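User: Hi, I have just started on this structure and would like some help reading it. Could we go through it together?

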Amino acid sequence: MELLSHLADGFATSLSPLNLFIVILGVTAGLFIGAMPGLGSVNGVAIVLPMTFIVPPSSAIILLCAIYYGAMYGGAISSILLGIPGASTAVATTFDGRPMAQQGKAGLALIVAAVASFVGGTISVVLFTLFAAPLADVALAFGPAEEFALVLLAFTTFVGLGGDDVLKTIIMICLGLALSTVGLDLISGQPRLIFFDQPGFYSGISFLVLAIGIYGIGEILYTIETSKSAPSVTPARITFRDLWFGIKEVNKLWKTLSFGSLMGFFVGMLPAAGATPAALMSYGLSKLMSKQPETFGKGNIEGVASPETANNAASTGSLLPMLTLGIPGSPTTALLLGGMVMWGLVPGPMLFIEQPDFVWGLISSLYTANFAAVLVNLALIPLFVWALRMPFTVLCSLVLVLCIVGGFAPSQKMHDVWLIVGFGVVGYLMRKADYPMAPLVLALVLGPLMEKSFRQTLISEQGNVLAFIERPLSATFIAISAVFFLLPLLKYVKKSKRAQDVPGEPAK
Amino acid sequence: MLMADRMIAAFLMALSLYFMWHAIALPIGWNGMTGGPGGGAFPFWLSAIMFVCAAGVLVRSLRGKSNYSGNFFDPETLSWIVSVTIALVLTIGAMPWVGTYIALPLFMFWYLKIFGKHGWVLTGSLCLCTPVFLFFFFEVTLKILLPKGLTEPFFIPLYARFF
C-alpha cells in the first residue's frame, strides 16, 4: 500500500503541466532520433544533454528518460521502412519487419511494433515499480567495500558476457578508468595526469565530453562511411482497420510478449547485455517456441513483436540498477547517471530517502512516457515516413554543430571542444577496429566511484586487502566477478591449448 | 585491416606508457601511513594492464592469429571522413577567432553546399536559422555566452536588448 501512495505522489509530479509537456516533447524527439538510421538512444541523450539545462534538474532527467523511451520505439520505424536498424537495439526487428514492409504490410508492422513496445514497456515499468524500493533497501546496507565489488562486477560482465574481444574489452575498461583519474587525486588533492600541462585537465575529463565525442562526432563519421547510398523508403499507410487488426494480432501473442518482457527486463539490468542482445534472444526464443518456425524471417508478425517488447523492457530494466544502486545497466543510463550526478541528484539508495518526490516522479513518468510514446508513434507515422526521406547530410551537419556547441556549453571551455573532436576521431577509428565503446563510457562514469570506494575501504581497514572478502555481500559480488572474468579464459583453454597472454587479475 | 589493428595496438601501448609516466609523479605503491594505495597507483596499474592487453593484441596479430582481412578504409569514403574531420578542426580553430556565429555558418555552408551538394534555398535557410536558434537558446535563455572573437562588438547592442 505504501508503494501505491508513493506512486500516487509521483503521478502528482509527473502529471504537472510542465512535466507532461516534457514527456511528450521527449518521446517525440526520441522517436525521431530513434528512427534516424545510425542514431539511437545513446546518441540522442549525449547530444541533447547539454541542452537540458533549460529546465529544472528533475524535469531534465524526465526529459532524457522520455528520449530514451521514445528512441526504443523509434528504432523499429527505420528497421521496417528502410530495412536498416534505426539503432542497434532494433536489429532483430529488421528480420521480419523488412519482409512485412516488402509485402506491402509496412503499416501493420509499424502498428505491431508500437503495440508490442507498449506491452513490453508497461510490463517492465510495473516490474520496475515493484523492485525499485526493495532493491534500494538492500543497497542501503552497502558500504564502500560492497560498492567497489559491485562496480567490479559491472565491469566483469563485459568480459564474461559482452561477446566482444576480451583483450579489447579489458583495454577499453582500463582506458576509461585511467581517463577518469585525470585531474586531482581524490584523497590527497594533488594534480595527476595533467597532459601537456594544459590547465583544462585540472577539472578532469567530463563523461559528457567523451560521450559527445564518441556518440556524436564518432557516430556521424561512422555513418558517413556506412551510408554511401541512400536507402529507399517503403511507403506506409495506416488505417483504423489496420490498427484494430494489429491490436487483435498482438493480443494473440500474449505468451511471447510477456515472456519477452520478463526476459528483456532482466537481461537489460546487466551492464554488458542490454537491449540489443535482449531483443535478439527474444526473437530466437519466440522462433524456437513457435509452431511455424519456418515463417520467421519471411514476415511473421511475431518476429516483429517479440524483439520490440524485449528491447523496450530492457531499457526500463537498465534504469533499475542505475537508480537504485548507482550502477548503470547500459551506456545510455551511464549518461543519465553522469547527468544526475552533475545536477546533484546522486543515484543510489539514499536518493529514495532524500528525494522521494523526484524518484517517484521519475518512475511514474515512465508510465506516462510509455503511453505518450505509443500514441505519438501511431499518430505521427506519416511524419516519420517523410522525415526518413530527409537527406543524410542535413542531419549530419546539424548534429555536428550541436556537438560543438553542446560540448562548449557545460564548461564553457574550448579545451573540451577540442577533446570532443579528438575522442570522436579516435573513437571512430577504434570502433572500426572492433574496440567496444560501451565499457569505455561506463568506466569513465564509474571510475571515480570505484577508486573512491576502493581507497576508502582500505583506509578504514588500515590497509587490510582481505576486507573485500570478509564482508559477505562484497565477497559474493567478487566471487561472481571472478566467475565472469574466468569465463572467457575457460572458453579459450577449451577451444585450443595455445598459450595466450591474458593478465591474471581483473582491473582494480 | 591487419596493419590498422597492429597500429592501433601499438598506439595504445604507447598511450599507456605515457599515462604511466605521468602517474609516477605521485606515489604508485602502498602508502603505509594511511593504508591503501597512493594517488598514482590507480592510473599507473590500470595503464599497466592496458599495456599488457594491447601487447597481447599486437602479438596475436603478428602471429597471424587474428581473422582480419581487407582494407581498413574504403578508399572512396576515406576522403569524405578526412575532409569532414579537417573541416571540423578548422571550424573549432576559427571559433575563438572569428566567433561562433561566423565559424559555424561557414561550416554548415561547406557541409551542405559543397560536401552535400544541396540547393541554395536549403543551404541558405539552414545557415541563417541555426545561428539564430543557437543565439536564442544558449545566450538568451541559458545565459551561456558562446565565443565571439572579432565579432564581439556587433553583439553589444544585442546584449543590451536581451539581457
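Analyst: Below we go through the chains, their contact and a few single residues.

User: Anything I should know about numbering and confidence before we start?

Analyst: Residues are numbered from 1 along each chain as its sequence is written, and chains are lettered from A and ligands numbered from 1 in the order in which they are written. This is a predicted model, in which local features need pLDDT of at least 70, side-chain atom pairs count only at pLDDT 80 or more, and totals for chains, interfaces and linings use all residues.

User: What does the model score, and what is the mean pLDDT of chain B?

Analyst: The model scores ipTM 0.92 and pTM 0.87. For chain B the mean pLDDT (the predictor's confidence in each residue, from 0 to 100) is 87, and 93% of the residues in that chain reach 70 or more. Where pLDDT is low, the predicted coordinates should not be read in detail.

User: OK, chain A then. How many helices and strands?

Analyst: Chain A comes to 22 helices and two strands, where helices (H or I, at least four residues) and strands (E, at least two) are DSSP runs, numbered from the N terminus. The radius of gyration of chain A, taken over C-alpha atoms, is 22 Å, close to the 23 Å that the globule rule (2.2 Å times the number of residues to the power 0.38) gives for 508 residues, so chain A is as compact as a globular protein of that length.

User: And what share of chain A is buried?

Analyst: Buried residues make up 60% of the 508 residues in chain A. A residue is buried if 20 or more other C-beta atoms lie within 10 Å of its own, exposed if 12 or fewer, and partly exposed in between, with C-beta atoms placed from the backbone.

User: Is chain B compact or more spread out?

Analyst: Chain B has six helices and zero strands. With a radius of gyration of 24 Å, well over the 15 Å that the globule rule gives for 163 residues, chain B is more spread out than a compact globule. The C-alpha trace of chain B spans about 60 × 55 × 20 Å along its principal axes, and 33% of the residues of chain B count as buried.

User: How is chain B divided up?

Analyst: Chain B is divided into domain 1 (2–62) and domain 2 (75–162), with bounds that come from an automatic or database domain assignment. The C-alpha centres of these two domains of chain B lie 39 Å apart.

User: Switching topic: how many residues does each chain give to the contact?

Analyst: The contact takes 54 residues from chain A and 59 residues from chain B, and two residues are in contact if their C-beta atoms, placed from the backbone, lie within 7 Å. The elements of chain A that give two or more residues to the side touching chain B are α8 (166–180), α9 (207–226), α18 (392–408), α19 (414–432) and α20 (438–460). That side of chain A divides into 35 nonpolar, eight polar and eleven charged residues; here Ala, Val, Leu, Ile, Met, Phe, Trp, Tyr, Cys and Pro count as nonpolar, Asp, Glu, Lys and Arg as charged, and the others, Gly among them, as polar.

User: What does L134(B) touch?

Analyst: L134(B) is found in helix α5 (residues 120–141) of chain B, and L134(B) is buried, with 20 other C-beta atoms within 10 Å. Leaving aside its neighbours within four places in sequence, L134(B) is in contact with V405(A) and L146(B).

User: Back to chain A: why is α14(A) called largely enclosed?

Analyst: Ten of the twelve residues of α14(A) are buried, so α14(A) is largely enclosed by the rest of the structure. What covers those buried residues includes α3 (41–48), α4 (57–81), α9, α13 (301–325) and α20 of chain A. In α13(A), 25 of the 25 residues are buried, so α13(A) is largely enclosed too.

User: And what comes after those two helices?

Analyst: α14(A) is followed by G344(A), whose phi is positive, near 80 degrees, and α13(A) is followed by G326(A), whose phi is positive, near 80 degrees.

User: Which loop holds L193(A), and is L193(A) buried or exposed?

Analyst: L193(A) lies in the loop between β2 (191–192) and α9 of chain A, and with 24 C-beta neighbours inside 10 Å L193(A) counts as buried. Phi of L193(A) is near 50 degrees, a positive value in a residue other than glycine. Most residues other than glycine have a negative phi.
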